[in-house]
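Reader: I should like to understand how the terms used for a protein structure are justified. May I ask about them one at a time?

Author: Please do.

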Amino acid sequence: MAQHTLFLLPGDGIGTEIMAEVEKLIAHLNGSGATDFSYESGLVGGCAYDAHGVAISEEDMAKAVAADAVIFGAVGGPKWDDVPYDVRPEAGLLRLRKDLGLFANLRPAICYSALADASSLKRELVEGLDILIVRELTGGVYFGEPKEITDLGNGQKRAVDTQVYESYEIDRIARVALDLAMTRGKKVHSADKKNVMKSGVLWDEVVKQAAKDYPEIEVQQILADNAAMQLVRNPKQFDVMVTDNLFGDILSDAAAMLTGSLGMLPSASLGAPDPETGMRKAMYEPVHGSAPDIAGQGIANPIAMFASFAMALRYSFGMVELATRLETAISDVLEDGLRTGDIMQTGCRKVTTAEMADAIIAKLG
Ligand code: NAD
Ligand code: IPM
Ligand code: MN
């Protein structure tokens with residue numbers, strides 16, 4: 001069996017707690033002969049700042065570039081609220097995405113049937129929900145220049161962020177969404193603000209041009225504010241939604257609650273396939289953050305992290321059957337009534353992070 005290398009970046013807060021469970025999962029998969037992963041761990045975020053004064057060291061960046069896949073926990077927390085902007089914990093995550101070229105962020109929002117009553121929406125609105133948000137991840141207002149605060153000298157300051165998209169960036173993310181839609185419901189909503197933003201006008205134009213190569217797919221433009229409303233009005237109207245970096249960040253947190261909890265939403269951040277090997281750089285990261293309000297208590301939901309690992313099996317290593325087995329194990333444990341606090345329901349058994357992870361691993365057999 002091929003040996004694959006992983007680079008684990010637990011980060012801060014609950015990131016370290018959920019990554020400890022990933023290590024157990026890897027040990028189990030390797031022990032059962034299903035995989036042959038070797039891995040190293042590094043520091044990112046606040047812990048890297050504490051150790052090195054930066055959000056990620058050059059040495060750890062090099063390891064992230066060299067690995068077959070990066071598994072990322074979460075970064076940030078109030079402890080680092082006042083560190084310089086360039087070395088704040090989140091800068092480590094953004095640098096990884098940018099330097100690895102991870103432009104395509106897949107955020108599937110799936111409502112497991114056992115959790116249909118855990119959503120803040122009515123059961124009938126979310127039961128069977130299976131949406132894929134495709135978020136552009138290396139462009140837009142997150143990275144556009146200038147990005148600065150200037151002192152105007154009259155007691156006023158001026159802050160600038162710049163939303164920039166070039167057509168190639170829109171085209172490539174549109175094609176990721178369209179390709180994925182071909183394997184699903186053949187419907188893509190493209191969310192932008194073309195009624196206000198020039199970048200939205202270009203976004204719509206380029207998406208429509210790319211869509212001409214996919215005549216089977218129904219492509220519909222939607223204004224991003226309406227998309228937010230429709231997500232909570234009637235989420236099952238969506239199959240694939242493609243959108244920019246900032247709208248994708250916000251819409252995916254909203255979509256998370258449809259599934260019961262932010263602690264349920266995984267993601268895969270993918271680069272372009274290498275023209276020679278077909279391999280792509282990739283990082284797998286839950287959508288949630290370091291959850292400072294519950295960190296250190298051993299009660300975080302590890303499912304978003306495990307489901308992100310399942311995406312690694314599927315997208316980086318072609319282990320589709322094993323990925324599906326892991327997802328089924330998650331579903332089975334939920335059917336058995338195990339719940340971390342964030343998805344707790346009456347009649348269910350409240351478990352810790354470790355108990356939830358152990359139960360999922362046990363289901364793998
Ligand atoms: P958050 O996602 O950390 O938490 C939002 C809420 O969801 C909290 O109430 C939290 O307890 C809950 N939650 C999140 N994940 C959970 C899980 N696995 N199990 C149970 N409950 C969970 O967002 P925030 O509070 O806005 O941000 C906290 C810090 O995390 C900030 O510094 C932010 O920048 C950072 N952040 C990092 C990432 C990342 O590393 N990918 C993502 C989002 C936010
Ligand atoms: C996410 C997070 C990050 C983002 C932050 C921590 C930089 O919210 O992954 O959704 O805004 O992309
Ligand atoms: Mn976010």
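Reader: What makes strand β6 hardly covered?

Author: In this predicted model, strand β6 spans residues 144–151, and the count of buried residues among its eight residues is zero. A residue is called buried if 20 or more other C-beta atoms lie within 10 Å of its own, and no residue of β6 counts as buried. Therefore the strand is described as hardly covered.

Reader: How do you know that β6 and strand β7 pair?

Author: Two strands pair if at least two bridges are found between them. Five bridges join β6 to β7 (residues 157–162), so the condition is met. The two strands run antiparallel, and Glu148 stands opposite Val160 in β7. They form a hairpin with five residues between them. In the turn, Gly153 has a positive phi of about 80 degrees.

Reader: What is the peptide bond between Glu145 and Pro146 called, and what is its omega?

Author: The bond is called cis, with an omega of about 0 degrees. Pro146 lies in strand β6.

Reader: Why is Lys186 called partly exposed?

Author: Lys186 has 15 other C-beta atoms within 10 Å. The term exposed requires 12 or fewer, and buried requires 20 or more. The value of 15 lies in between, so Lys186 is partly exposed. Lys186 is found in the loop between α6 (167–182) and β8 (187–192), and has a positive phi of about 55 degrees although it is not a glycine.

Reader: What makes Ala291 buried?

Author: Ala291 has 24 other C-beta atoms within 10 Å. The cut-off is 20 or more, so Ala291 is buried. Its place is in the loop between β12 and α10. Phi of Ala291 is near 45 degrees, a positive value in a residue other than glycine.

Reader: Why does Asn301 count as buried?

Author: There are 27 other C-beta atoms within 10 Å of Asn301. With the cut-off at 20, Asn301 is therefore buried. Asn301 is found in the loop between β12 and α10. Leaving aside neighbours within four places in sequence, Asn301 is in contact with several residues, among them Ser261, Gly263 and Met264. Asn301 is also listed with Gly76, Gly263, His288 and Gly289 as the closest of the 22 residues that surround ligand 1.

Reader: How do you know that Ile14 is buried?

Author: Ile14 has 31 other C-beta atoms within 10 Å, and 20 are enough, so Ile14 is buried. Ile14 lies in helix α1. Not counting residues up to four places away in sequence, Ile14 touches Ala74, Ser290, Ala291, Ile294, Ala295 and Ala300.

Reader: What makes Ala224 buried?

Author: Ala224 has 23 C-beta neighbours inside 10 Å; the cut-off is 20, so Ala224 counts as buried. Ala224 lies in helix α8 (residues 224–233). Ala224 and Ala191 are 33 residues apart in sequence, and their C-alpha atoms are 4.8 Å apart in space. Ala191 is one of the residues that Ala224 touches, and others include Asp192 and Phe247.

Reader: Which strands are the edge strands of the open sheet, and what makes them so?

Author: The open sheet has ten strands in the order β2-β1-β3-β12-β11-β4-β5-β10-β8-β9, with mixed pairing. The edge strands are β2 (37–41) and β9 (218–223), as each pairs on one side only. The twist averages 25 degrees from one strand to the next. Helix α1 (residues 14–31) packs on the sheet, touching β1 (4–11), β2 and β3 (69–74), and its direction makes about 145 degrees with that of β3. Helix α10 (residues 303–315) lies across β3, β11 and β12, running at about 155 degrees to β12.

Reader: How do you know that β11 and β12 pair?

Author: At least two bridges are needed. Strand β11 (residues 268–270) and strand β12 (residues 282–284) have three bridges, so they pair, in the antiparallel sense. In β12, the bridge partner of Ser269 is Met283.

Reader: Which residues surround ligand 2?

Author: They are Glu90, Leu93, Leu94, Asp249, Val287 and Gly289. By class, three are nonpolar, one is polar and two are charged. Helix α4 (residues 89–99) gives the most to this shell, with three residues.

Technical notes: Residues are numbered from 1 along each chain as its sequence is written. Chains are lettered from A and ligands numbered from 1 in the order in which they are written. This is a predicted model: local features need pLDDT of at least 70, side-chain atom pairs count only at pLDDT 80 or more; totals for chains, interfaces and linings use all residues. A residue is near a molecule or strand if its C-beta atom, placed from the backbone, lies within 6 Å of it. Helices (H or I, at least four residues) and strands (E, at least two) are DSSP runs, numbered from the N terminus. Axes are lines fitted to C-alpha atoms, for helices over the stretch in contact, and angles run from 0 to 180 degrees between N-to-C directions. Two residues are in contact if their C-beta atoms, placed from the backbone, lie within 7 Å. Ala, Val, Leu, Ile, Met, Phe, Trp, Tyr, Cys and Pro count as nonpolar, Asp, Glu, Lys and Arg as charged, and the others, Gly among them, as polar.
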